[in-house]
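Thanks for coming. I will go through one model this morning, taking its pockets, then a sheet, then a pair of helices.

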Amino acid sequence: MTTLLDAVRRHADAHAGDDGPVPTPIPGLMTVRATAPSDLIHDVQRPLACLVLQGAKRVTAGARMFEFSAGDSLLVTADIPTVSQITRASVAMPYYSLVLELDPAVIADLLAQMTPPATADHAPVRVDPTEAETADAALRLVRLLDRPASLPVLHAQLVREMHYWLLAGRHGDAIRKLGWPDGHVQRVARAVKVLRRDYAKPVAVERLAAEAGMSASSFHQHFRTITSLSPLQFQKQLRLIEARRLMQSQGASASSAAYAVGYESVPQFTREYGRMFGRPPVADARATRDRVRDSA
């Protein structure tokens, strides 16, 4: 019998040119493969569920660190900065996982038909064992990838079913707030959408607060509570992550990357880059090139 690991392995191995995320034709769904432990990966995560099927990973969010492995699911229920690392992977036993971005519209529709849980857990990141119903729905969803003609007809209901089992299980209460259109998480998410789009431009807090439908002081408080950062710090992380991508994937110089993401001072960019990534941009880019050359 085909297992979820088998199905994800087949898709990832067939479509992955290198290690990393492998998109699928289903919006918001991707597989991930790695054949060696990874470096630290800085990102600003979107709400998602990550089902680990083989290998192990570590994720740090704020002051909390999570270690998880095959049979566990990572749940992220807000746009938050994380530092992650695949800790167990090899050519013989690659790391595999399945990632589904959580859809607030689907969650809101399901909540209208479901009974609220008796417990409350509002932590934006958590790790729990993957429940059988969630894994079963995920397997049937991934199997559709081998039947392209069925995707337009069936994928939406299976994505909805996977959301349902996540809501009905131990992850449920942590996900529910994504379905509250006027809740603080969704209001802050509207402001984060602006920051993601306009990260390279000056963005006034007043504009973000208006987008969230809050006063400036209330917005600042709720933004920090949900993301662990101020809006300015959040924008800075977005800029630095994009600058690093430009240098590593496109060979951009430190100065051109700095200006491209909105910095006006290269020395300031260099200082802040070093604080975030542990070494200055030129040294970091050189280390990446050396690592790629040595693995070739």
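A word on residue classes before the pockets: Ala, Val, Leu, Ile, Met, Phe, Trp, Tyr, Cys and Pro count as nonpolar, Asp, Glu, Lys and Arg as charged, and the others, Gly among them, as polar. By that scheme, the lining of the second largest pocket has 11 nonpolar, four polar and eight charged residues.

This is a predicted model, where local features need pLDDT of at least 70 and side-chain atom pairs count only at pLDDT 80 or more, while totals for chains, interfaces and linings use all residues. Residues are numbered from 1 along each chain as its sequence is written, and side-chain values use heavy atoms, with hydrogens and water left out.

A pocket here is an open set of points on a 1 Å grid over the protein atoms alone, where a 1.4 Å probe fits, with protein on both sides within 12 Å along at least five of seven lines; lining residues have an atom within 4 Å of a point. Volume is the space filled by probe spheres set on the points, which are joined across faces, edges and corners. Helices (H or I, at least four residues) and strands (E, at least two) are DSSP runs, numbered from the N terminus.

The second largest pocket holds about 470 Å³. Of its 23 lining residues, Pro 47, Glu 101, Leu 102, Asp 103 and Pro 104 lie nearest the centre. Helix 6 gives the largest share of that lining, six residues.

The largest pocket holds about 2,000 Å³. Its lining has 48 residues, and those nearest the centre are Asp 19, Gly 20, Pro 21, Ser 38 and Ile 41. Helix 9 contributes the most, seven residues.

Ile 41 leads us to the sheet, since its bridge partner in strand 8 is Ser 84. Which strands form this open sheet, and in what order? There are four, ordered 3-8-5-6, with antiparallel pairing; two strands pair if DSSP finds at least two bridges between them. Strand 3 (41–45) and strand 6 (64–69) are at the edges with a single partner strand each, so one side of each has no neighbour in the sheet.

Back to helix 9 (residues 231–250): its axis comes within 11 Å of that of helix 11 (residues 266–277), crossing at roughly 90°. Axes are lines fitted to C-alpha atoms, for helices over the stretch in contact, and angles run from 0 to 180 degrees between N-to-C directions. The two helices are therefore roughly perpendicular, a label for angles of 65 to 115 degrees.

Definitions and conventions: Angles under 35 degrees count as roughly parallel, over 145 as roughly antiparallel, 65 to 115 as roughly perpendicular and the rest as oblique.
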